[in-house]
Amino acid sequence: MADSVSSVEGGECNLAGYLTGDRALLLDVHSKHEVLDRLIDCLAGSPEVASREELAAGVYEREKLMSTGIGLGIAIPHVRLASVSDLAVAAALVPRGIDDYESLDSMPVRLVLLIAARSDQHAEYLRLLSRLSSKLKDDCFRERLFACGSSAEFYAQLIEK
């Protein structure tokens with residue numbers, strides 16, 4: 001995307017540059033494996049991702065190193081791969097929560113944001129992770145996300161500036 005860099009500069013975190021409406025999912029799944037597979041399938045269908053297999057291998061390898069459940073009901077699995085042409089995001093809201101995500105605070109995960117970046121997009125990738133983490137620590141924003149009743153509402157909240 002031509003304007004991707006501007007989406008994470010200046011303290012703003014505008015996901016509209018990376019997330020499309022069809023990649024914001026409201027899911028009824030029960031496990032970490034299920035939510036990751038659904039997000040991988042979703043993101044693998046995007047033009048930025050050339051290989052579903054490499055994406056899945058990268059995501060699961062990252063999870064082996066350390067769970068991406070950061071606490072507060074949030075997980076941010078993330079990978080950088082040569083088979084990805086530009087930053088792309090898929091998001092899932094799981095209202096019932098996922099107990100087996102192994103989050104840092106041991107709480108069920110209700111929001112999962114999968115980020116895939118090109119292997120040389122280190123700075124932009126880190127800026128996006130940082131901005132997302134900061135934004136998601138806002139209790140009001142997080143509660144608005146958790147209260148969404150549809151994928152469309154979830155997407156609208158995620159891309160709100």
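Here are some questions and answers about a predicted model.

Q: How do you know that Cys-140 is not bonded to Cys-148?
A: Look at the sulfurs. A disulfide is a covalent bond between the sulfur atoms of two cysteines. To count as one, the pair has to be within 2.5 Å. The closest cysteine sulfur to that of Cys-140 belongs to Cys-148 and sits 14 Å away, so that's too far for a bond. From the other side, Cys-148 is in no disulfide either, and its nearest cysteine sulfur is that of Cys-140. A search of the whole structure comes back with 0 disulfides.

Q: What makes Cys-140 buried or exposed?
A: The relative accessibility decides. Exposed means over 50%. Cys-140 has 56%, so Cys-140 counts as exposed.

Q: And why does Cys-148 get the label it gets, buried or exposed?
A: Buried means under 20%. Cys-148 comes in at 5%, so Cys-148 is called buried.

Q: What makes the phi of Leu-72 worth a look?
A: Here's the background: most residues other than glycine have a negative phi. Leu-72 isn't a glycine, yet its phi is positive, near 60°. You'll find Leu-72 in the loop between β2 (69–71) and β3 (74–75).

Q: Why is Leu-72 called partly exposed?
A: That label covers values between 20% and 50%. Leu-72 has a relative accessibility of 43%, so partly exposed fits.

Q: What about the phi of Ser-106, and where is this residue found?
A: Ser-106 is not a glycine, but has a positive phi of about 65°. Ser-106 is in the loop between β5 (88–98) and β6 (109–118).

Q: How do you know whether Ser-106 is buried or exposed?
A: Check it against the cut-off again: exposed is over 50%. The relative accessible area of Ser-106 is 65%, so Ser-106 is exposed.

Q: Which residues have the most contacts inside the largest nonpolar core?
A: They are Val-35, Leu-39, Leu-43, Leu-55 and Tyr-101, in a core of 27 residues. At least two residues each come from α1 (32–44), α2 (52–65), β4 (78–81), β5 and β6. The most comes from α1, which gives 6 residues.

Q: What does Tyr-101 touch, leaving aside neighbours within four places in sequence?
A: Contact here means heavy atoms within 4.5 Å. The partners of Tyr-101 include Val-35, Leu-36, Pro-77, Val-109 and Val-112, and also Lys-32 and Glu-63.

Q: How many residues are in the second, separate core?
A: That one has 25 residues, among them Ile-76, Ala-117, Leu-145 and Phe-146.

How values were computed: Residues numbered from 1 in each chain as written. Predicted model: local features only at pLDDT ≥ 70, side-chain atom pairs only at ≥ 80, totals over all residues. Heavy atoms only, no water. Buried < 20%, exposed > 50% of the residue type's maximum accessible area, 1.4 Å probe, protein only. Helix = DSSP H or I, 4+ residues; strand = E, 2+ residues; numbered from the N terminus. Core = buried A, V, L, I, M, F, W, Y, C linked by side-chain atoms within 4.5 Å.
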